[in-house]
Amino acid sequence: MLRNLVMVGMVVAGLGTIGIAATPNAGSGAGRWPGADTPLGRMIAGNLGRLLVLRSELNLSAEQRSQVRDLLVQHRREIASTVQAVRAKRLVLRDAVLTETADEAAIRAAAAELGEQIGDAAVKAAKLKARLAPILTDEQRTLIGQFLADRDQTIDRFLEQAVAER
């Protein structure tokens, strides 16, 4: 489940970021998305690749997969409604930013509402994580922690390079 939550978060964030930040590259090959050769694209692709490696390294047993699946199915509606609520608030913020006459108060209000909804989602994720943690072994939890630390370092390096290029 933790792997699924991480994956969902990365995919949602990655797809949103790609759509906003990726710029077409004249030299990109057929069948590749336009941002594949950008620093952001390489960071996103690298993180997704590491996530696939993590999935393999976790080596969940059939029983663990079943327990995780059962827990996710049990909370499927709550997870979906939470994701929908965050997305709705994100769209409100996006629309507030993209209006012809950007109203600072409206943007800040939309951002605050999105922040509150993200906080609610984080609380729900923490509760679900607490139910999933006992399913995993200590080694599996350590692998997830290492993956998260590595992902954070990758993002930090990307941000350092972005600032240095100014």
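Me: What share of the contacts with a separation of 6 or more comes from residues 24 or more positions apart?
Reply: Keep in mind that this is a predicted model. Take the contacts in the protein with a separation of 6 or more, then pick out those between residues 24 or more positions apart. That share comes to 73%.

Me: And which secondary structure elements is the protein built from, helices or strands?
Reply: Start at the N terminus and read along: the elements run α-α-α-α-α-α. There are 0 strands, so to speak of what is left is to speak of 6 helices.

Me: How much of the protein is buried?
Reply: A residue is called buried when its relative accessible area is under 20%. The protein has 166 residues, and the buried part of them is 25%.

Me: How far does α5 reach from its first C-alpha to its last?
Reply: Helix α5 takes in residues 104–132, which is 29 residues. At 1.5 Å a residue you'd expect 42 Å. The model comes close to that, with a reach of 41 Å.

Me: Which residue caps the N-terminal end of α5?
Reply: Look for a side-chain oxygen by the backbone nitrogen of Ala 105. The two atoms lie 3.2 Å apart, and the oxygen belongs to Asp 103.

Me: How do α3 and α5 run relative to each other, roughly parallel or antiparallel?
Reply: Helix α3 is residues 62–74, and its axis sits 11 Å from that of α5. The packing angle is about 150°, and α3 passes α5 in a right-handed crossing. Angles over 145 degrees count as roughly antiparallel, so α3 and α5 are roughly antiparallel.

Me: Which residues of α5 does α3 meet?
Reply: On the α3 side you'll find Val 68, Leu 71, Leu 72 and Gln 74. Leu 128 and Leu 132 are also among the buried residues of α5. The α5 residues that α3 meets are Leu 128, Arg 131 and Leu 132.

Me: Is His 75 buried or exposed?
Reply: His 75 lies in the loop between α3 and α4. Leaving out residues up to four places away in sequence, His 75 touches Leu 128 and Arg 131. Its relative accessibility is 15%, so His 75 counts as buried.

Me: What about α2 and α6: how are they oriented, roughly parallel or antiparallel?
Reply: Helix α2 (residues 39–58) packs with helix α6 (residues 138–164), their axes 11 Å apart and the angle about 175°. That angle makes the pair roughly antiparallel. Where they meet, α2 brings residues including Met 43, Leu 51 and Leu 54, while α6 brings residues including Ile 144, Phe 147 and Phe 158. The orientation, then, is roughly antiparallel.

Me: Which residue has a positive phi although it is not a glycine?
Reply: Try the loop between α2 and α3. The residue there is exposed, with a relative accessible area of 61%. Its phi is about 50°, and its name is Asn 59.

Me: Which helix is included in what covers the buried residues of α4?
Reply: Helix α4 has 23 residues, and its end C-alpha atoms are 33 Å apart, which agrees with the expected span. Its buried residues are Thr 82, Leu 91, Leu 93 and Ala 96. What covers them includes α5.

Me: What separates the C-alpha atoms of Gly 115 and Val 86?
Reply: Gly 115 lies in helix α5 and counts as partly exposed, at 38% relative accessibility. Along the chain, Gly 115 and Val 86 are 29 residues apart. Their C-alpha atoms are separated by 8.9 Å.

How values were computed: Residues numbered from 1 in each chain as written. Predicted model: local features only at pLDDT ≥ 70, side-chain atom pairs only at ≥ 80, totals over all residues. Heavy atoms only, no water. Helix = DSSP H or I, 4+ residues; strand = E, 2+ residues; numbered from the N terminus. Expected span 1.5 Å × (residues − 1). Buried < 20%, exposed > 50% of the residue type's maximum accessible area, 1.4 Å probe, protein only. Polar contact = N/O pair within 3.5 Å; in protein donor to acceptor, adjacent residues only side chain to side chain. Axes fitted to C-alpha atoms, helices over the stretch in contact; angles between N-to-C directions. Parallel < 35°, antiparallel > 145°, perpendicular 65-115°, else oblique. Left-handed = near helix turned anticlockwise from the far one by under 90°. Contact = heavy atoms within 4.5 Å.
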